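Visitor: I would like to learn how to read a fold step by step. Could you walk me through one?
Guide: Gladly; let us have it in front of us.

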Amino acid sequence: MLKIENLSVSVNEKKIIKDFSIDVKRGELHAIMGPNGSGKSTLSNFLSGREGYQLVHGKVLFKDKNLLDLNIDERARLGLFLAFQYPVELPGVSIVPFLKTAINSKLRSKNLKEIDALEFTKKIKEIASFLNITDEMLKRSVNYEFSGGEKKRYEILQMTLLDPDLSILDETDSGLDIDALKIVSKGVNRVRNKNNSMIVITHYQRLLDYIIPDYVHILVDGKIVKSGNKDLAIELEKKGYESFL
Ligand SMILES: Nc1ncnc2c1ncn2[C@@H]1O[C@H](COP(=O)(O)OP(=O)(O)OP(=O)(O)O)[C@@H](O)[C@H]1O
Ligand SMILES: [Mg+2]
């Protein structure tokens, strides 16, 4: 699904991602953990197509296409979804029409029929209720003046509706209370299936009790220093980053 080979990325002339490689196959969930400033968000922002990141060298293949040749819209239409560490507020942009446009644009790009209004309302209400998102919240603008936890739940709503092939979740668990953490995990597990892939960036092993990863990678200074299974996260929790530096 996503194959990154020997990638280096710089921001303002400073190299942040250094010879990074990963192979995320269809049906796999990879967790990336790493200390503050190790480059986790830089990697996800770069993959999303955000401006301000320079490719130094390396290759990124998404569904066998060169991801870096595609613009932001094309990446999304091809099935890439990113939940940002700090979700963007869009005052004045109402959630329901926004999501309807997004989903229809995806359907059109696949030459499929647009979703009808009634069917869409039913679908969004069902997912919202699954994620404990109230009708009142659905009437508001995208992320605008949402609490930290509300933003994270909204991101999962959006992910569930769009049903992406590859989701990258950057600290979707940070700032969540224990009940919200369970709801968000439940939402992620609902979307996860054998045909899609996920990369979950987190600081906390606890999340990985709810979302069981196939692989765990430790990122230090822009590089993967160790990979393993879910036990690596438990080892990390015990020892801290010290022994991996
Ligand atoms: N626009 C920028 N200009 C200068 N430096 C930047 C920029 N964006 C990121 N950096 C630097 O790149 C490094 C990696 O930042 P990044 O946000 O990717 O870390 P992170 O692993 O996501 O950390 P955290 O766990 O705190 O979210 C940091 O030293 C950061 O200051
Ligand atoms: Mg970050």
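Visitor: How many bridges join strand β11 to β12, and do they run parallel or antiparallel?
Guide: One thing to keep in mind is that this is a predicted model. To read a strand pair, look at the bridges and at the direction of each partner. Here β11 (residues 215-220) and β12 are joined by five bridges, and the two run antiparallel. As a place to look, Val 220 stands opposite Lys 223 in β12.

Visitor: What sheet do these strands belong to, and in what order do its strands come?
Guide: A sheet is read by walking from one edge to the other. In this case six strands make an open sheet with mixed pairing, in the order β6-β9-β10-β3-β11-β12. At the edges are β6 (80-83) and β12 (223-228), each of which pairs on one side only. From one strand to the next, the twist averages 20 degrees.

Visitor: Which strands does α1 lie across?
Guide: For helices on a sheet, note the strands involved and then the angle. Helix α1 lies across β3 (29-33), β6, β9 (166-170), β10 (197-201) and β11, and runs at about 145 degrees to β9. Helix α9 (residues 230-239) also packs on the sheet, where it touches β3, β11 and β12, and its direction makes about 45 degrees with that of β11.

Visitor: Which element gives the most to the shell around ligand 1?
Guide: That is α1 again: residues 40-48 form this helix, and three of its residues are in the shell. The shell has 13 residues, and those that come nearest are Asn 36, Gly 37, Lys 40, Ser 41 and Thr 42. By class, ten residues of the shell are polar, two nonpolar and one charged.

Visitor: Why does Lys 226 count as partly exposed?
Guide: Burial is read by counting neighbours. Lys 226 has 15 C-beta neighbours inside 10 Å, so it falls in the partly exposed class, which lies between 12 or fewer for exposed and 20 or more for buried. Lys 226 is found in strand β12. Beyond its neighbours within four places in sequence, Lys 226 is in contact with Ile 218, Leu 232 and Phe 244.

Visitor: And how does the chain look as a whole?
Guide: Start with the radius of gyration: the chain has 18 Å, which agrees with a compact globule because 245 residues would give a value near 18 Å. The chain holds nine helices and twelve strands, and 35% of its residues count as buried. Among contacts with a separation of 6 or more, 70% come from residues 24 or more positions apart.

Notes: Residues numbered from 1 in each chain as written. Chains lettered and ligands numbered in written order. Predicted model: local features only at pLDDT ≥ 70, side-chain atom pairs only at ≥ 80, totals over all residues. Near = placed C-beta within 6 Å. Helix = DSSP H or I, 4+ residues; strand = E, 2+ residues; numbered from the N terminus. Nonpolar A, V, L, I, M, F, W, Y, C, P; charged D, E, K, R; others polar. Rg over C-alpha atoms; globule rule 2.2 N^0.38 Å. Contact = placed C-beta atoms within 7 Å. Pairing = 2+ DSSP bridges. Axes fitted to C-alpha atoms, helices over the stretch in contact; angles between N-to-C directions.
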